[in-house]
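Got your viewer open? Load the model, switch on the cartoon, and follow along from one selection to the next.

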Amino acid sequence: MDYAVEIDDAAGWARVTVRGDLRVEQLPELALAVWSDPGYAGVERAIWNFLQSSSSMRLDDIMRLTNWISENKRGRGARIVAIVAAEDGVFGTVRMFEALQQQYGWTVGVFRDEAAARDWLRQQP
C-alpha cells in the first residue's frame, strides 16, 4: 500500500490517494502519517480516494480501527471526510466505518466516484 497527500489551497481541502491492498494493521500508521502532514493538519475537509485499493477487512477489524481513530484523531486534520471507493470490498468496509463515525464528532460520507464526493463536500456546512 502507498499513499499521496495533495492540498488544494484554493478550496482548503486535502486529497489523500491510497493504492494497493489495505490491511487493517497498516491503517493506524497511514492515518498517523496523513494526520501529521502539515498541509493536512490545516484543512477542514478531505477526500480519501481508495479507487485503486482492495480490502478484505471484517467487522471486528473495522470496530478496532474505529476505536483506535476515536482515541487518536481528535484535533488532527479534516473533520468532514468524503471517502471514495469503487471495489465492493472497500466500499462495504467504508460504509460500515461511515455508520460508526457519526458518534465521534466528525462527518463521513462514502461515494463510488470522486465527483459525487466533491459535490457532497461543497454542500456540508
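Start with the cartoon of this predicted model: the chain has five helices and five strands. Trace it along the sequence and you'll pass them in the pattern β-β-α-α-β-α-β-α-β-α.

Now switch to the C-alpha trace. Along its principal axes it spans about 35 × 30 × 25 Å. The radius of gyration is 13 Å, which agrees with the value near 14 Å for a compact globule of 125 residues. Of those 125 residues, 46% count as buried. For the contact map fans: among contacts between residues at least 6 apart in sequence, 77% join residues at least 24 apart.

Turn on the surface. About 6400 Å² is exposed, and carbon and sulfur atoms supply 49% of that. Colour by charge next: the mean positions of the 14 positive and 18 negative charges lie 4 Å apart.

With the charges coloured, how many salt bridges does the structure hold? There are nine. Side chains of opposite charge can pair when their charged atoms come close. Let's visit some of these pairs.

Select aspartate 2 and arginine 19. Their side chains form a salt bridge, at 3.8 Å from N to O. Aspartate 2 sits in strand S1 (residues 2-8) and arginine 19 in strand S2 (residues 13-22), so this pair ties together parts 17 residues apart in sequence. Aspartate 2 is partly exposed at 40% relative accessibility, and arginine 19 is partly exposed too, at 30%.

Next, pick glutamate 6 and arginine 15, whose side chains meet in a salt bridge at 3.1 Å, N to O. Glutamate 6 is partly exposed, with a relative accessible area of 42%; arginine 15, at 27%, also counts as partly exposed. Keep both selected and add Glu114 and Arg118: Glu6, Arg15, Glu114 and Arg118 are linked in a network of salt bridges.

Jump to helix H3 (residues 59-72), where arginine 64 and aspartate 60 lie four residues apart, about one turn of the helix. Their side chains meet in a salt bridge at 3.5 Å, N to O. Arginine 64 is partly exposed at 48% relative accessibility, and aspartate 60 is partly exposed at 32%.

Last stop: glutamine 124, in the segment after helix H5 (114-123). Is glutamine 124 buried or exposed? Glutamine 124 has 17% relative accessibility, so it counts as buried, the cut-off being under 20%. Show its neighbours: leaving out residues up to four places away in sequence, glutamine 124 touches Arg45, Ile80 and Thr107.

How values were computed. Residues are numbered from 1 along each chain as its sequence is written. This is a predicted model: local features need pLDDT of at least 70, side-chain atom pairs count only at pLDDT 80 or more; totals for chains, interfaces and linings use all residues. Side-chain values use heavy atoms; hydrogens and water are left out. Helices (H or I, at least four residues) and strands (E, at least two) are DSSP runs, numbered from the N terminus. Buried means under 20% relative accessible area, exposed over 50%, partly exposed in between (1.4 Å probe, protein chains only). Contact means heavy atoms within 4.5 Å. The radius of gyration is taken over C-alpha atoms; the globule rule is 2.2 Å times the number of residues to the power 0.38. Accessible areas come from the Shrake-Rupley method with a 1.4 Å probe; for residues, only the protein chains shown count as cover. Lys and Arg count as positive and Asp and Glu as negative; His and the chain ends are not counted. The place of a charge is taken as NZ of Lys, CZ of Arg, CG of Asp or CD of Glu. A salt bridge is a side-chain nitrogen of Lys or Arg within 4 Å of a carboxyl oxygen of Asp or Glu.
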